[in-house]
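Here's a set of exercises to work through with the structure open beside you. Try each task before you read its solution.

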Amino acid sequence: MTVRDAAARPAGTTSSTGTAALRGLCGGRVHLPGDPAYDVHRAAWNLAVQQRPAAVAVPHSVAEVQEVVRAAGAAGLRVAPQSTGHGAGALGEKDLADVVVVRLSELTGVTVDPTARTARVVGGTWWKDVVAATAAHGLTAPHGSAPDIAVAGYALNGGLSFYGRQHGLAVNAIRAVEVVLADGTCVRADAGERPDLFWAVRGGGANLGVVVALELDLLPYADVFAGMLLWDREQAPEVVPAWVRWTRGAPESVTTSMRVLSLPPLPELPAFLSGRDLVVIDGAVLEDDARADEVLAPLRALAPEVDTFARIPVTGLLDVHMDPPDPVPFVSDHAVLGELSDEAVDVFLEQVGPGTTTGLLFAELRHLGGALGRPAPDGGALSHVDGSYAMYCIAVAPSPEALAAGAAATSGIVGTLDRWSLPQRVPTFTDTREDTRSMFGGTAWARLARLRDEHDPTRLLLAHHEV
Ligand SMILES: Cc1cc2nc3c(=O)[nH]c(=O)nc-3n(C[C@H](O)[C@H](O)[C@H](O)COP(=O)(O)OP(=O)(O)OC[C@H]3O[C@@H](n4cnc5c(N)ncnc54)[C@H](O)[C@@H]3O)c2cc1C
């Protein structure tokens with residue numbers, strides 16, 4: 001807590017008296033250190049993050065969210081909304097001794113309006129459930145690569161999907177939010193009602209409140225041409241430059257990721273993955289089959305060992321990237337890169353190509369550009385991302401030693417591409433504590449900071465990326 005924050009809190013309260021006042025709330029689902037369920041509920045999806053908040057509240061209703069926010073405010077505590085903890089890295093670097101984590105994992109649900117082509121998604125709902133509900137109406141939504149990410153933490157902070165180069169950042173699909181503010185009131189914000197709050201929350205997320213529902217515009221797809229191409233890493237010197245060249249001319253209808261992966265030998269992995277070093281290109285092509293085949297032809301000409309690209313139901317797009325089905329301890333680093341010269345590709349391959357021991361699970365480049373790079377005319381604080389590629393490097397970190405080694409490995413590899421990196425950071429790929437000015441344009445950041453101060457003058461709310 002800063003001096004300014006402390007001054008704004010009720011005098012005479014301490015965190016221990018504060019948390020005691022929370023104990024009976026949420027039907028008894030407020031877990032304090034020492035309580036039997038505290039460790040279960042404080043655990044983030046990223047198991048490398050050891051967050052130890054003053055309490056974890058697990059509300060089942062909006063009224064319970066409101067009572068926790070009000071009680072925390074009265075007790076001089078702060079409130080950090082969290083849905084799954086996929087993005088817990090940055091929050092976990094903060095001192096949470098005076099913070100109540102409001103875990104939204106049990107406040108879920110989705111209602112689809114097929115005529116309006118929208119969905120109302122409750123606070124902690126996973127993408128998997130939204131995509132299943134919308135697919136029943138021949139519609140889908142701009143979800144990310146993993147089924148068990150929550151809509152809120154992903155969409156409020158940008159959201160890079162395989163629909164992205166055609167349809168833009170997921171945050172631009174938000175039509176309205178229902179949000180519990182720092183004073184405990186629950187309000188709706190959309191383009192007509194509370195437009196400033198609506199602008200700020202789209203990018204500013206938890207800096208403005210606990211979002212208990214979002215209304216999303218849906219996409220008109222029942223199926224999609226999607227899949228992956230896989231090669232042994234020995235072919236990286238051929239495949240990586242070819243993908244980079246191909247991305248330069250790829251139409252906006254195609255969004256792909258390219259990863260150099262090193263998978264441990266695990267019995268639960270299929271034989272073609274277990275214990276192997278690989279190059280994988282995956283994503284979606286929003287074209288008819290003939291045109292999609294034409295677009296992919298230069299990559300297929302590189303003779304992949306596995307090629308799963310085909311027309312699939314939209315629900316299948318959640319599996320294409322093969323994200324882990326269960327929580328994982330990991331550490332990551334990230335940069336946004338501009339155009340990559342041949343020299344940049346050589347530097348990347350020197351780090352992760354054949355014969356190297358990277359210490360990483362993967363080094364990924366996600367193709368940006370297209371609609372991802374254009375400010376949305378009616379967008380919020382964050383509506384586009386500069387640059388050509390989002391680089392995301394991940395190392396598995398099951399122990400403190402592995403965490404330190406993984407942090408050094410990920411930042412080392414990202415650092416070698418410094419010359420090609422841009423100042424902007426993608427909030428959803430930033431798992432460390434960064435200056436949030438790097439996530440918004442300077443003017444947008446200043447307006448966001450002003451609106452944050454107006455809505456939360458005592459800085460009760462704690463976002464993972466705090467403005
Ligand atoms: C395996 C994996 C795959 C991923 N794939 C993609 C991808 O394809 N594209 C992409 O863009 N990102 C991706 N990410 C990153 C992911 O989108 C972010 O970590 C995102 O923030 C996760 O949201 P969450 O709500 O599930 O996580 P949380 O850690 O619960 O939330 C992150 C932050 O969002 C805010 N927040 C969460 N819920 C609320 C709420 N209800 N109200 C207000 N604020 C809230 C809080 O500040 C919170 O600290 C991936 C991450 C992993 C680990």
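**Exercise 1. Find glutamate 252 and describe its surroundings.**

Step 1: Start with the address. Glutamate 252 sits in the loop between α10 and β11 (254–262); helices (H or I, at least four residues) and strands (E, at least two) are DSSP runs, numbered from the N terminus. A quick note before you go on: this is a predicted model, where local features need pLDDT of at least 70, side-chain atom pairs count only at pLDDT 80 or more, and totals for chains, interfaces and linings use all residues. Residues are numbered from 1 along each chain as its sequence is written, and side-chain values use heavy atoms, with hydrogens and water left out.

Step 2: Check the exposure. With a relative accessible area of 31%, glutamate 252 is partly exposed. Here buried means under 20% relative accessible area, exposed means over 50%, and partly exposed is in between (1.4 Å probe, protein chains only).

Step 3: List the contacts, meaning heavy atoms within 4.5 Å. Not counting residues up to four places away in sequence, glutamate 252 touches Arg165, Gln166, Gly370, Ala371 and Arg374.

Step 4: Try a distance. Glutamate 252 and alanine 80 are 172 residues apart along the chain, and their C-alpha atoms are separated by 37 Å.

**Exercise 2. Work out whether leucine 286 is buried or exposed, and what it touches.**

Step 1: Look in the loop between β12 (277–285) and α11, where leucine 286 is found.

Step 2: Its relative accessible area is 14%, so leucine 286 is buried.

Step 3: Leaving aside neighbours within four places in sequence, leucine 286 is in contact with Tyr163, Gln166, His167, Tyr221, Val224 and Ser253. Gln166 should ring a bell, since glutamate 252 touches Gln166 too.

Step 4: For a longer jump, go to alanine 88, which is 198 residues from leucine 286 in sequence and 32 Å from it in space, C-alpha to C-alpha.

**Exercise 3. Locate the span that UniProt lists as "domain: FAD-binding PCMH-type" and visit two residues inside it.**

Step 1: The unreviewed UniProt entry gives residues 49–221 for this domain. UniProt positions are in the numbering used here, feature names are shortened, and annotations may be inferred rather than shown by experiment.

Step 2: Residues 49–221 are 27% helix and 24% strand, and the end C-alpha atoms lie 37 Å apart.

Step 3: Go to glutamine 51, in the loop between α3 (38–42) and β2 (55–57). At 1% relative accessibility, glutamine 51 counts as buried. Beyond four places in sequence, its contacts include Arg42, Gln82, Leu91 and Arg103.

Step 4: Move on to threonine 118, which lies in strand β6 (residues 118–122). Threonine 118 counts as buried at 11% relative accessibility. Among its contacts beyond four places in sequence are Thr111, Asp113, Glu215 and Leu218.

Step 5: Tie the two together through Asp113. Threonine 118 is in contact with Asp113, while the C-alpha atoms of glutamine 51 and aspartate 113 are separated by 38 Å.

**Exercise 4. What sign does phi have at arginine 194 and at alanine 303?**

Step 1: Recall the background. Most residues other than glycine have a negative phi.

Step 2: Arginine 194 has a positive phi of about 50 degrees although it is not a glycine. Its place is in the loop between β8 (186–190) and α9 (195–204), and at 41% relative accessibility it counts as partly exposed.

Step 3: Alanine 303 has a positive phi as well, near 55 degrees. You'll find alanine 303 in the loop between α11 (289–300) and β13 (306–307), and it counts as exposed at 53% relative accessibility.

**Exercise 5. Zoom out and describe the whole protein.**

Step 1: Count the elements: there are 14 helices and 18 strands.

Step 2: Judge the packing. The radius of gyration is 22 Å, close to the 23 Å that the globule rule gives for 467 residues, so the protein is as compact as a globular protein of that length. (The radius is taken over C-alpha atoms, and the rule is 2.2 Å times the number of residues to the power 0.38.)

Step 3: Add the dimensions. Along its principal axes, the C-alpha trace spans about 70 × 55 × 45 Å.

Step 4: Finish with burial and contacts. Buried residues make up 59% of the 467. Of the contacts between residues at least 6 apart in sequence, 75% join residues at least 24 apart.
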